[in-house]
Number of protein chains: 2
Amino acid sequence: MTNIRDIARMANVSVTTVSRVINEHPYVSEEKREAVLRAMERADYQVNMTAVHLSQGKSQLIGVVVPFANHPYFGLLIEGIAKKAVESNYHFVLIQTNYNKEREQEALDMLRHKQIDGLIICSRISGLDTITKYRQYGKIVICENAKGNRTIDSVYIDHYQSFLSALKYLYEKGYRNIGYSIGRETGSNSYFRQQAYRDFLKQKDLPYQESFVFTENYNLEDGQKVVNLIQQLFHKPDALLVTSDVVAAGIITACNHTNLRVPEDLAIIGFDNQPIAKMMGITTFEIPLVTMGEKLFQQVIRTTSTAHQQFHVTLIERNTV
Amino acid sequence: MTNIRDIARMANVSVTTVSRVINEHPYVSEEKREAVLRAMERADYQVNMTAVHLSQGKSQLIGVVVPFANHPYFGLLIEGIAKKAVESNYHFVLIQTNYNKEREQEALDMLRHKQIDGLIICSRISGLDTITKYRQYGKIVICENAKGNRTIDSVYIDHYQSFLSALKYLYEKGYRNIGYSIGRETGSNSYFRQQAYRDFLKQKDLPYQESFVFTENYNLEDGQKVVNLIQQLFHKPDALLVTSDVVAAGIITACNHTNLRVPEDLAIIGFDNQPIAKMMGITTFEIPLVTMGEKLFQQVIRTTSTAHQQFHVTLIERNTV
DNA sequence: CTGTTAGCGCCTTCAC
DNA sequence: GTGAAGGCGCTAACAG
């Protein structure tokens, strides 16, 4: 492995000069530059980026934490992140946690061990206080409402308002037995949605039915699970807010195998506006995930003060309400 | 930023000793070890992995090249890679190429610049000869049949045989106007499939119809495209091999919006056995993508000689044939 | 314009 | 057990 010193020797110049031509810095005479270039060519010289990074104290690498890489929601966020990373000459290491604290800790450790310059957490399992401790080692941005936080950046959807408007929409369409399906029961996004749900019911003087809340639904297959549960209910919901179009698609498909008609017996509103929603004509709230991913990246490399950026959802009316 | 030398000073020992306790090497007296530990605690010492990596000449990082991260096929490969990477204390940087040569080149460059120790190419656009040149900088494993290659490792499906058995299956079911849908027209996987298709037709004395081959289909939405094309055909295929369950799902959904009945008017066989195939009852060939991902990773960190590992597909009979 | 030199932070051989 | 010293490969301030 030939290094910068070897090249210097071969070209009869100093390492500084070599470094200068590598980095295209000015103040190098044309002849020396060519001598260096020739030497590099001859020796098939390759810069060692690890050394560059050590010397510069940064890695041009950021960490991206997702619970599941193979899920369209996170896939779209990653899409946006990747897009902007390329433009800024960054790369990213993907850390799939499966909502396992140890995996998440690993990402945090990479930050303090200077393997990565910053960290994007698309969904977390650790407490915000734990994460905040690592802020001193590098920029951290999370994908949830952290408006109050003065150290952690955030890019988010106001899920309280989104849920509220979805509920109102269904209410106006005449539905009175509205339930919802989410992924994790914990997590701040779920918290805000639950809050909206309860506030809405109170406001409309509707009863809270525990059996109308379906949790741990992430994928297509989980739709079947939801429908099975509904089938067992004596008092069934007549509309469902589903925090993922793929789950919504799963529910609709499962319904088609039963006597439940959509939307006559069960109205469905999805979230994200994934391709599958368009394909199946699912009424949904579009979330600008790719754009959010782009912002997540831009924020993580920005050195300025903490920022919080809110995004909005857009109702896409189709045939499931 | 406090470093190993500071700790040594604080604990009144040499850097060697500090290094020893950090890496849990033997030959350190209990009292010195504790002194070091205390100093590290007091100063909130954090190892700088970049320095470790420079010193050791490796990064514990591998590169993973995919055309699209947000696609279930690659999502499952990544799933498998991630699983094994964790176990081996490796991380990976994800490089999404969109089948853009420059992006792919970037990954190759990371390898020769020692930013990554090895490279997994899930699907490529560059020529194999180009890639081979980079083998000298680190291990490379690709996800396609490269049995002959003596430097590049591979993990693959015999797409020739898979396609052939799928065609035979359809033939035995009585279909005589079989077409197929693939992603890229180029690429070795496509080549083998095309070969199988042509050989099969010849063997059965069936005519080759250019209009029965549908290319550039990757996603759900592309299914609609295929159906639109079929609708315009006077002589329509009565069965389709579709190299992705999501595309198959898209085709079926699009058919439901037309007068085409599946499988009466058009039989469909998918590939991968994705969740959506199960959900929609699509007959498909299961590809062990997660397992293949695991193998891809194991091969990339293995220092032994070049290996080529073949995997097999399994027919899953459901309702679309 | 160019070269010397001191880092960046850690590992590891070798001698005591 | 322990430490001094050289090395990993590159950058950048400083002196000329």
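Chain A and chain B each bring 45 residues to the contact between them in this predicted model. The size of an interface is often given as the accessible area lost when the parts come together. For chain A and chain B that buried area is about 4100 Å², and carbon and sulfur atoms account for 64% of it. On the side of chain A, the residues that lose the most area to chain B are N70(A), H91(A) and M279(A), which together make up 16% of what that side buries.

Polar contacts, but no salt bridges, cross this interface. The rule finds 12 residue pairs in polar contact across it, both residues at pLDDT 80 or more, and zero salt bridges.

Several elements of chain A build the side that touches chain B. At least two residues each come from helix 4 (49–56), helix 5 (72–87), strand 2 (91–96), helix 6 (101–112), helix 10 (220–232), helix 11 (245–256) and helix 12 (275–280). Helix 5 of chain A gives the most, with seven residues. By residue class, the side of chain A that touches chain B consists of 23 nonpolar, 15 polar and seven charged residues.

A single residue of chain A can be followed in detail. S188(A) lies in helix 9 of chain A, which covers residues 188–203. S188(A) counts as buried because its relative accessibility is 15%, and buried means under 20%. Leaving aside residues up to four places away in sequence, S188(A) touches R124(A) and E144(A). With E144(A), the side chain of S188(A) forms a polar contact of 3.2 Å to the side chain of that residue.

Conventions. Residues numbered from 1 in each chain as written. Chains lettered and ligands numbered in written order. Predicted model: local features only at pLDDT ≥ 70, side-chain atom pairs only at ≥ 80, totals over all residues. Heavy atoms only, no water. Contact = heavy atoms within 4.5 Å. Buried area = accessible area lost by both parts, 1.4 Å probe. Salt bridge = Lys/Arg side-chain N within 4 Å of Asp/Glu carboxyl O. Polar contact = N/O pair within 3.5 Å; in protein donor to acceptor, adjacent residues only side chain to side chain. Helix = DSSP H or I, 4+ residues; strand = E, 2+ residues; numbered from the N terminus. Nonpolar A, V, L, I, M, F, W, Y, C, P; charged D, E, K, R; others polar. Buried < 20%, exposed > 50% of the residue type's maximum accessible area, 1.4 Å probe, protein only.
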